[in-house]
Each structure stands twice: as C-alpha cells, then as structure tokens.
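Work through these short exercises with the structure open beside you. Try each task before reading its solution.

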Amino acid sequence: MRARSFNKRIEIWNTTTVSDGFGGNTVTDVLVTSSWANVNTINGKSSTLTTELGILEASSTIEVKMRKREDLTIDIDTMYVKYRSVKYVIKSNPTNVGFKDNIIQFIATRSD
C-alpha cells in the first residue's frame with residue numbers, strides 16, 4: 001500500500017474516569033492521537049463480516065487502515081474513532097495486514 005493512500009485524518013479518543021475532587025469520579029473523553037488513515041465504507045456485499053461482528057447496517061460501518069505505531073495500543077473497550085466529527089465505536093481488534101508489521105486495520109461502527 002502506498003503512502004498516498006493514507007489521505008484521511010482520524011482522531012483516536014479514549015474514555016477514562018477522572019477524580020472529580022469530591023471523592024467520586026467523572027467520565028471524560030481524552031484525545032489520544034490523530035493519525036492519517038485509509039477510510040472506506042463497508043458495502044453490503046460482505047455479509048460474513050457483518051454477521052460475525054453483529055453489524056446491522058453495513059452502510060454506517062467503516063474499515064480503517066493505518067500505519068502500525070509502537071506508541072499506540074488500541075483498546076476496543078475504551079477507545080473510539082472520530083472521523084469528520086462523527087464518533088465511530090471500534091468493533092474489531094486491529095489486525096496486521098499482510099503480516100508485514102507496518103499496517104493495521106480495524107472495523108468501526110457509527111455511534112448514535
């Protein structure tokens with residue numbers, strides 16, 4: 001994959017709990033990083049992928065490919081992606097594309 005294919009800017013956010021100063025906690029979203037990526041929508045033809053992940057609408061699902069970064073570990077339980085100011089929940093663990101250890105990909109679904 002050529003470097004020019006990473007032409008979309010995404011933000012990766014993490015949802016964490018922070019002390020509120022009164023003995024309790026509040027939930028806040030923290031920007032982890034922004035990165036260049038290749039973002040494509042999942043078409044309705046990939047029915048095996050949609051049934052494996054439990055996706056109801058493939059039109060609101062994106063596939064994200066980005067460079068593998070040693071300083072970033074994606075946690076699908078607490079992290080989400082923002083693309084064009086829309087929140088996408090990460091549904092699949094990042095996979096190593098072609099086992100070359102330079103590109104990862106994951107699936108994310110639009111959040112309401």
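A residue is called buried under 20% relative accessible area, exposed over 50%, and partly exposed in between. The model used here is predicted.

**Exercise 1. Classify R69 and its partner D71 by exposure, then say what links them.**

Step 1. R69 has a relative accessible area of 25%. That value falls between the two cut-offs, so R69 is partly exposed.
Step 2. D71 has a relative accessible area of 59%. This is over 50%, so D71 is exposed.
Step 3. Now look at the link. R69 and D71 form a salt bridge, and their closest N and O atoms are 3.0 Å apart.

**Exercise 2. Find the salt bridge of D101 and state which parts of the chain it ties together.**

Step 1. Start from the general idea. Side chains of opposite charge can pair when their charged atoms come close.
Step 2. The partner of D101 is K68, with 3.8 Å between the closest N and O atoms. The cut-off is 4 Å, so the pair qualifies.
Step 3. Place both ends. D101 lies in the loop between β6 and β7, while K68 lies in the loop between β3 (61–67) and β4, so the bridge ties together parts that are 33 residues apart in sequence.
Step 4. Check exposure. K68 is partly exposed, at 38% relative accessibility.
Step 5. Count. The salt bridges come to two.

**Exercise 3. Locate the aromatic pair and decide how its rings are arranged.**

Step 1. The count is one aromatic pair. The rings of W13 and Y80 have their centres 6.4 Å apart and their planes at 10°.
Step 2. Planes under 30 degrees apart count as stacked, so this pair is stacked.
Step 3. W13 belongs to strand β1 (residues 8–19) and Y80 to strand β4, so the pair ties together parts that are 67 residues apart in sequence.
Step 4. W13 and Y80 are both buried.
Step 5. Look for charges over the rings. K82 lies over the face of W13, 4.6 Å from the ring centre. The charged end of K87 sits over the ring of Y80, at 4.4 Å from its centre.

**Exercise 4. Examine phi at F99 and D101.**

Step 1. Recall the usual sign. Most residues other than glycine have a negative phi.
Step 2. F99 has a positive phi, near 55°. D101 also has a positive phi, near 60°.
Step 3. Where is F99 found? F99 is in the loop between β6 (95–96) and β7 (103–110). D101 is found in the loop between β6 and β7.
Step 4. The relative accessible area of F99 is 75%, so F99 is exposed.

**Exercise 5. Describe the surroundings of T26.**

Step 1. T26 lies in strand β2 (residues 25–41).
Step 2. Its relative accessible area is 35%, which means T26 is partly exposed.
Step 3. Leave out residues up to four places away in sequence. T26 then touches T16, T17, V18 and D20.
Step 4. Compare sequence with space. T26 and T16 are 10 residues apart in sequence, and their C-alpha atoms are 8.3 Å apart.

**Exercise 6. Which elements have the lowest and highest confidence?**

Step 1. Take the protein overall. Its mean pLDDT is 87, and 84% of its residues reach 70 or more.
Step 2. Confidence is lowest in helix α1 (residues 47–53), with a mean of 62.
Step 3. Confidence is highest in strand β4 (residues 79–83), at 96. Y80, from the stacked pair, lies in this strand.

How values were computed
Residues are numbered from 1 along each chain as its sequence is written. This is a predicted model: local features need pLDDT of at least 70, side-chain atom pairs count only at pLDDT 80 or more; totals for chains, interfaces and linings use all residues. Side-chain values use heavy atoms; hydrogens and water are left out. pLDDT is the predictor's confidence in each residue, from 0 to 100. Helices (H or I, at least four residues) and strands (E, at least two) are DSSP runs, numbered from the N terminus. Buried means under 20% relative accessible area, exposed over 50%, partly exposed in between (1.4 Å probe, protein chains only). Contact means heavy atoms within 4.5 Å. A salt bridge is a side-chain nitrogen of Lys or Arg within 4 Å of a carboxyl oxygen of Asp or Glu. Rings of Phe, Tyr and Trp (its six-membered ring) pair if their centres lie within 6.5 Å; planes under 30 degrees apart count as stacked, over 60 as edge-to-face and the rest as tilted. A charge sits over a ring if NZ of Lys or CZ of Arg is within 6 Å of the ring centre and within 35 degrees of the ring normal.
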